[in-house]
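Take a look at the model below. We will go through one chain, then its contact with a neighbour, then a pair of packed helices.

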Amino acid sequence: MRIEEKKPHRREVMQGGFALLAAGASLGEGRGELQETPALRDEVADGKLPEIEERIPIEPAVADLEAIGTPGGELRMLMAGPKDTRMMVVYGYARLVGYTPSLVLAPDILKSIDVEDGRVFTLHLRKRHKWSDGRPFTSEDFRYWFEDVAQNKNLSPSGMPISMMPQGEGPRFEVLDETTVQYKWTRPNPLFLPDLAGPSPLFIYRPAHYLKQFHQRYADKTALEIFVKQANQRNWAALHNKLDTMYRDDNPDLPSLDPWILKTKPPSDRFVFERNPYYYRIDKRGNQLPYIDRVILSIADSKIIPAKTGAGESDLQARYLRFDNYTFLKGSEQRNDFKVRLWRTGPGSQLALYPNLNVNDEIWHSLLHDLRFRRALSLAVDRHEINQVIYFGLAIEGQNTVLPQSPLYKSRYRSAWAQFDLHEANRLLDLIGLTERGNDGTRQLSDGRPIEIIVENAGESTEQADVLELIRDSWRLIGVRLYAKPSQLTLFRRRVFSGETLMSIDKGIENGLATATMSPWEFAPTSQQQLEWPKWGQYYETKGIAGEPPNLPSVIRLKNLYEEWLAAASHEEQAHIWHDMLQIWADEVFSIGTVAGVLQPVVVNAKLRNVPEQGIYNWDPGAFFGIYKPDGFWFDLSEPSAKSAFMAPSPR
Amino acid sequence: MLSYLVHRILIMIPTLIAISIVIFAIINLPPGDYFSTYITELQSSGEAADLAKIAFLKAQYGFDRPLWEQYIFWAGGLLHGDMGYSFAYNLPVNQVVGDRLLMTFIVSFATILFTYFVAFPIGVYSATHQYSWTDHVLTLLGFLGLATPSFLLALVLLYFGNVYFGISIGGLMDPKYVNRPWSFGKVVSVSAHLWIPVIVIGTAGTASMIRRLRANLLDELQKQYVVTARAKGLHPLRLLFKYPLRMALNPFISDIGSLLPHVISGAAIVSVVMSLPTTGPMLLEALRSQDMYLAGSFLMFLAFLTVIGVFISDIALAILDPRIRLQAGRRR
Amino acid sequence: MTDLLFAGDSPREQANGSTTQTADPLSHYVSDAPFDPYAIERMTPAQERFYMASEWRMVWWKLRRHRIAVLSGVILLTMYISILFSEFLAPYDLDARNTDFIYAPPQRVRVFDKGQLVRPFVYGYNYRLDMNNLERIYMPIPDKPEPIRFFCRSGTYRFWGVFESDLHLICPAHGGQLFLAGTDRLGRDLLSRMIYGARISLTIGLLGVAVSFTLGVLIGGIAGYYGGWTDILVQRGIEVIQSFPHLPLWMALSAILPVSWSPILVYIGITLILGMIEWTHLARAVRSKLLSLREEDFCTAAVLMGARPARIVGRHLLPSFMSHLIASATLMIPGMILGETALSFLGLGLRPPMTSWGVLLNEAQNINVVALYPWLMLPVTCIIITVLAFNFFGDGLRDAADPYH
């Protein structure tokens, strides 16, 4: 499905700046007469809602859909907890700037955006864009956030979000007119747009008209106190924070710009989201999106969701389904009215081993810093076996790096040190000097201890245990012993961060579909969360207050490259830096990847249309279903289909 | 009798206090707290949007205060009937719990009834026909529920219930009835879903019931008065029902007090597997994520119920069984 | 011997002074063995064995009457003995895996090959990948029987960690497979894993009960013997623990088990946890019994003779109801075994790579297994049999525990 936000030509504003994608404000071009939404006809007739011409912005976004749909129907999905209401914000993917399915940034809510030098961003809103309660969406909503939320010490004790503070410097914010705002930095801020387009995005606006009644600066003092007391909160800031849940989406009174608005007040086991009558997108025929009238999230225990999906209780489900559920789901296809598709997942490696370069033990520290050791370990992993045994041979073997779908992909990145070569691995280990062996054939460290690597993990899936089991057998052949130690998430991370863990196993690079404009932070020591160098990452994160500075030359180089990327002026420069980093990453084997591109089962109701047959199921970028824009999904009730007697009520 | 009552009531208070301390200790035993666990979760899944909010909440709720202060705060709240605030649900605890209590009671009540209905005939038959093969077979059936791990049994029954009877998997009713007012269809749906958890949880409890009933009944049947009655020609069934059974019913009554919390917590695992909207999964999740107020207050509520329940069943037993009343003076 | 005179009969004096007897309706017997005042009390050896039997012997006799209990006892004994020989009994090693036979269904043992009775064998599997359903399809090959070998030599192992051996009770044919219970997702033989798993599951029960037993007897004994304030305190303490739902206690206790512990230590920790929660019932029983027995004369006598409390409790009071205690303890073991499976389910107990029935069941706890690979649920039968056996055996013990009843 292709959605283009613009006329099929791009204008690039050079000025040493970035590629800029402007919306062609095409009123009445390429779309037909506006059609009133059938579900809302009654309310419009009663006068409760204005007519459709009044509800959509003057220049609405026109979706370019594969097939024009018919409005109507309700979509059922299964989620595992009340916190999962945030998935509606993720899936709905109503962003100021969003990714297209080809991973290009394009304005979505915004009519257009001007970028100058990568540091001055002028955002143009759509005229007469309204919130879900009919009130105008204007630059005041941006100003409210910038001045009264982000800079309010009570509401935001930790200050502004990181992506708005490149090198610690915040932007200068200016309201140019009712529908135009500007953010100006002195340095380029390449993180700003990708963060706006993220699955858990940067929200730089708020429904000011609603939240002002809970803000100390604007609300009537006594009224505010009554609100605070009624809601059982400690003070106005707590109340404001409780109600301001743009991401978590659990406040039915909060106005929003998403395609579906929450109507059920928590707590509940079943959340109903109704269509947003003021949604800003229409299709080419003039129907207001979303097509689907209602989305219902049913809460169930995550372990039982595959069973429930197999029983036909979900119309669109990928979350909580795993690859090994495919056979069961396919077998249930007949009994129920759905089809199972297989999409590719996005991480650079489904599971990767992370030797902890900040481990406390001295001998291990120097051994892990030895490049040949890491390469030998990587060569001794039989990725083909892992692929065959666990993933039916359908995954892509290779290192923990970008996937073939990424424009930055080069095959040598994935294949570096990823062959199964025991001979070479043994040779490298002998070269290092680890020739002493114990009685059972395990090599020994320089102080006589056997080379036993304890791989810790968060113990959350049998997948990890299985992969470790397979790796254990192949490492035995080079004289290295592996012990898997499952633990609990918080403890696991704590031990890694403090350097007690020798090696850990976790998901690979999150963004395997990277393009040059996306941040290469995962390849440089930028965060404590990176299991291969937590202390170096922490050093960067806390700006030197905690952690340790990197002392491996290649890692220092990666860090410098990352900082160059942050200051890079052109697309080419960014791509160049990316390739440098990817090459270092491939040579140094900082993490040992296994397989990637594992298939994700996606269950789709047989009547649901515009859901891609093949797609990418990824968090960032991708927002799972987000980039495919579920507001364009629709139920096709025209063709007869075999309905099983057990099916829940079909969509209207 | 009265002094006994007063004595028991007075004893309940320090018991409850001790229980509250134990509960508080237990919840705070695992390292970390709700916020650090949640933050770790968010960080590992790459969702940073809520992080600022959580830091805010953490400071707000004084999780940096020493433990004993937190305890006093919580216990004090409890005395006022304020069960605190659940961070996971972003709501006051009473709202979260209250919602699920009705369903929990329905399930528990049905389970207890089922347990009694199954255990009673088997226990009676087993005592009167000791060592016969039918006795063995029936006892085997009664114990089978105990022997099968409940989580696996629940899953299997769920699957077959769906494949053969079309019952939607998990939950206590068809999804379309959730949050709707009670109607005939909803009642039917709940009954259809109810039998699986009732069977799984109930059969686990039948074993001990059967055993107790059989032991007590056997004891009674050896007594002189039974022999006399039989010798005098009283019909065996009539004999059975008139005296020994009444004695043997003691455990049914006295056990209600301890049965209730056992059922509520024993149901926790099955409820998790079947995703029932009862308090079990809520408690488990609260304990896992260390949602202190929700877990602590609810556990306190359960403990309170138990203590009251034991007390009530003791009273009931005293009323029913004159022997206990008369021995009350000598009772330790 | 003295003559016994009958009423209504008088000896007739004869002319030469001898007494004669006339024939009378009631004849009698007069023994001329010497008089032994204890004749009534002396017993024949057979009688002696019966009447002088010790309490334990009487318990055993009564137990024997309960046929099911005896059967259960035999089953349990076999299972526990098998723990010693797990390596010998299991056809495959604990971590042996075969990537060509993932999710293979169980093979049926046959004895008739084309109508002829031959030594037991199984059919080999032909396997193909169904890329449509992503399923592995296994079809038995009828013309390739693989005879099962008995007392054969296969993979080597260390018997009891000391002796190296490679003798197995049954093994697959050379180059063939023997999956009597099917395989799991890594191609590991389920039957072997069940046999090895018995080691941990069965011993956890015993160890846990040992812990409970000690705690229960100790605390119950103290409370029962001393009475008064100690008793009241212990009573309340027991009430606090009993009115607590088990789950949170388990979770909290499991959470404090340090992660850095080796699997063995974790295992011990878990038995301790299970044991520490169950001792209350035993303590209550001990306490109530002691309270009543305390007033008995033999106890008073011991006190007067200056015995210390420990000796009185241990030597005089406890043995009188030890059989009850043993019966109760036996009935607690299945609770421990099931507790271990529940802990595994909650993710708190043992985890792979340790193998126990709980771990096996936890791996089987998903819809794929129930719908597609049901043989992976076979460890349930082990648990059911064990738990039932313990229950029946314990019931029999309890019935027999009071042989004087």
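Among contacts in chain B between residues at least 6 apart in sequence, what percentage join residues at least 24 apart? In this predicted model, the figure is 73%. Chain B itself is built from 15 helices and two strands. It has 332 residues, and 41% of them count as buried.

Now turn to where chain B touches chain C. Chain B puts 35 residues into this contact, and chain C puts in 36. On the chain B side, the elements that supply two or more residues are helices H1 (2–28), H6 (133–147), H7 (150–165), H12 (250–274), H13 (279–289) and H14 (292–320). H1(B) gives the most, with six residues. By class, the chain B side has 28 nonpolar, five polar and two charged residues.

Next, go inside chain C. Helix H5 (residues 190–226) of chain C packs against helix H11 (residues 322–345) of chain C. Their axes lie 8 Å apart, at an angle of about 125 degrees. That angle falls outside the ranges for parallel, antiparallel and perpendicular, so H5(C) and H11(C) are oblique to each other. Their crossing is right-handed.

Which residues meet there? H5(C) brings Ser201(C), Ile204(C), Gly205(C), Leu206(C), Gly208(C), Val209(C), Ser212(C) and Phe213(C). H11(C) answers with Ala329(C), Met332(C), Ile333(C), Met336(C), Ile337(C) and Glu340(C). The residues of this contact between H5(C) and H11(C) divide into nine nonpolar, four polar and one charged.

Key
Residues numbered from 1 in each chain as written. Chains lettered and ligands numbered in written order. Predicted model: local features only at pLDDT ≥ 70, side-chain atom pairs only at ≥ 80, totals over all residues. Axes fitted to C-alpha atoms, helices over the stretch in contact; angles between N-to-C directions. Helix = DSSP H or I, 4+ residues; strand = E, 2+ residues; numbered from the N terminus. Parallel < 35°, antiparallel > 145°, perpendicular 65-115°, else oblique. Left-handed = near helix turned anticlockwise from the far one by under 90°. Contact = placed C-beta atoms within 7 Å. Nonpolar A, V, L, I, M, F, W, Y, C, P; charged D, E, K, R; others polar. Buried ≥ 20, exposed ≤ 12 C-beta atoms within 10 Å, placed from the backbone.
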